[in-house]
Amino acid sequence: MREIVVRIAVGALLLGMIATVARSEPPSDNQDIQTTIKALKARIRDQERRLAELESRQNQQRLEKARREEIRKVIKELNLDASKRSTMPKWLENLKFYGDLRLRYQGECFSGRSRKTRNRARFRLRIGFKKTWLEKQMEVGFRLASGSSSSPTSTNQTFDGSFSEKHIWIDLAYAKYSPKWLKGFTIIGGKMKKPFVHTDLVWDSDLNPEGVWGQYKHKLRNFEPFAGVGYFVVEENNHDHDAILVAYQAGFNWKLTKDVKWTCAATYYDYDHIDTNYLAANGNDVNAEGELAAGKFHMINLTNKVGFEVFNLPVGVYFDWIHNCGDSDSAEDYDDQSDGFACGIKVGKNKKKGDWSCGYKYAYIEANCTPGEFNDSDFGGANRKGHTLGAKYNLTDSLTIGAKVLLTEPVTGPHQGERDTTVQADLVWKF
């Protein structure tokens, strides 16, 4: 609008000047009139240029003012958020909530036995919290989990009991300290995740031991040796000896190349009075007095795991071996049943949408090589041999589907040669 007004004013001024010059000058001075008109036109163009520059500066100033206003609004919102955070209770800082829900179909088929084929619907629910202090030097956590019973090797809850309410158990309750002044050292006490290098040849994935464990690792470029010792309570008995486990482990993590890592660990498990305090034989031989016929479980365990990549796919292989030095069972079919081994491979990973993995395991677990109450319950405990094949796929970053088939049979005993087939189909949501 301002530009139009200026142009009208300049045009009127030009016309007025032309008329004045025309009245005051004779026709012979036309040349001077033309010169004056050109000068006026040049002045008009200069005025228009200056006007355009002025409007451009004004527009830029308005834009800068709007930007500054937006910045002030953002800063104000951030300050409000900070003030809200400052009013939160201190105990909520560095507190992490996590959990998972698994729905499972499980079918079981037994050959050559009186047991009937089973079809079970099951679920597993786990909810936990973890809190850290002192720049993550101190950690305390607990987790609750479902379960049809207090079995240490299963948090599965079967759909059963006439729509009854389901149990919730304490699955984890621990405190861990990793001091900065002694880098590489960790001590943990309570009901904890298994702190040692292991496979399900000896320990079921759901089992969480109870006691205290201390470990030290020392980083040497690509080589990391470690050693640990732990004291665990298996059964407290006020009428007889308590059953305890003392575990010793030494090994190393060795990064051979950029994509190849080797973990090796030697472990000695020394059980005391477990033969008279066991929870369930689950494949172990039992004598006439109802005690574990092996007598003692003093076990040497050697575990090797190697991870590498093939065509940008992560691959993991392992071999695990165990021997019970304390086995004294001389019963027919169970004499010298003190060894076990397992080997397996896994290809792929499951971290984000579209990821997949598949794996295979073969295990041969003699009757007295390890307590059957504590190793892989899906496989069948001790005195089992056979194959496991499974696969998983990520539908989303936190939702996976999977399936597994287990083909197992006893190593020895009256049911030798009778095969069990177990099929599992899972839907798992992690949060």
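The questions and answers below go through some terms used for this structure and the values behind them.

This is a predicted model, in which local features need pLDDT of at least 70 and side-chain atom pairs count only at pLDDT 80 or more, while totals for chains, interfaces and linings use all residues. Residues are numbered from 1 along each chain as its sequence is written, and side-chain values use heavy atoms, with hydrogens and water left out.

Q: Why is Pro-414 called exposed or buried?
A: Exposed means over 50% relative accessible area, buried under 20% and partly exposed in between, with a 1.4 Å probe and protein chains only. Pro-414 has 72% relative accessibility, so the residue counts as exposed. Pro-414 belongs to the loop between β16 (399-409) and β17 (420-430), where strands (E, at least two residues) and helices (H or I, at least four) are DSSP runs numbered from the N terminus.

Q: Why does Asp-327 count as buried or exposed?
A: The relative accessibility of Asp-327 is 18%, and therefore Asp-327 counts as buried. Asp-327 is located in the loop between β12 (313-324) and β13 (339-348). Leaving aside residues up to four places away in sequence, its contacts (heavy atoms within 4.5 Å) include Ala-294, Lys-296 and Asn-368.

Q: What makes the approach of Arg-104 to Asp-426 a polar contact?
A: A polar contact is a pair of N or O atoms within 3.5 Å; within protein, one must be able to donate a hydrogen and the other to accept it, and residues adjacent in sequence count only if both atoms are side-chain atoms. The side chains of Arg-104 and Asp-426 make such a contact at 2.7 Å. Arg-104 lies in strand β1 (residues 95-110) and, because its relative accessibility is 7%, counts as buried.

Q: How do you know that β12 and β13 pair?
A: Two strands pair if DSSP finds at least two bridges between them, and β12 and β13 are joined over nine bridges in the antiparallel sense. Ile-322 stands opposite Gly-340 in β13. β13 also pairs with strand β14 (residues 356-365), in the antiparallel sense over nine bridges, and there Ala-342 stands opposite Ala-363 in β14.

Q: Why is the pair of Trp-429 and Phe-431 called stacked, tilted or edge-to-face?
A: Rings of Phe, Tyr and Trp (its six-membered ring) pair if their centres lie within 6.5 Å; planes under 30 degrees apart count as stacked, over 60 as edge-to-face and the rest as tilted. A search of the whole structure finds 21 aromatic pairs. For Trp-429 and Phe-431 the centres are 4.6 Å apart and the planes stand at 40°, so the pair is tilted. Trp-429 is partly exposed, with a relative accessible area of 41%, and Phe-431 is partly exposed at 32%.

Q: How do you know that Lys-361 lies over the face of Phe-379?
A: A charge sits over a ring if NZ of Lys or CZ of Arg is within 6 Å of the ring centre and within 35 degrees of the ring normal. Lys-361 lies over the face of Phe-379 at 4.5 Å from the ring centre.

Q: What makes a set of residues a nonpolar core, and which residues have the most contacts inside the largest one?
A: Such a core is a set of buried Ala, Val, Leu, Ile, Met, Phe, Trp, Tyr and Cys residues joined through side-chain atoms within 4.5 Å. The largest has 31 residues, and Trp-203, Tyr-269 and Tyr-271 have the most contacts inside it. At least two residues of this core come from each of β5 (168-177), β9 (243-257), β10 (260-272) and β14.
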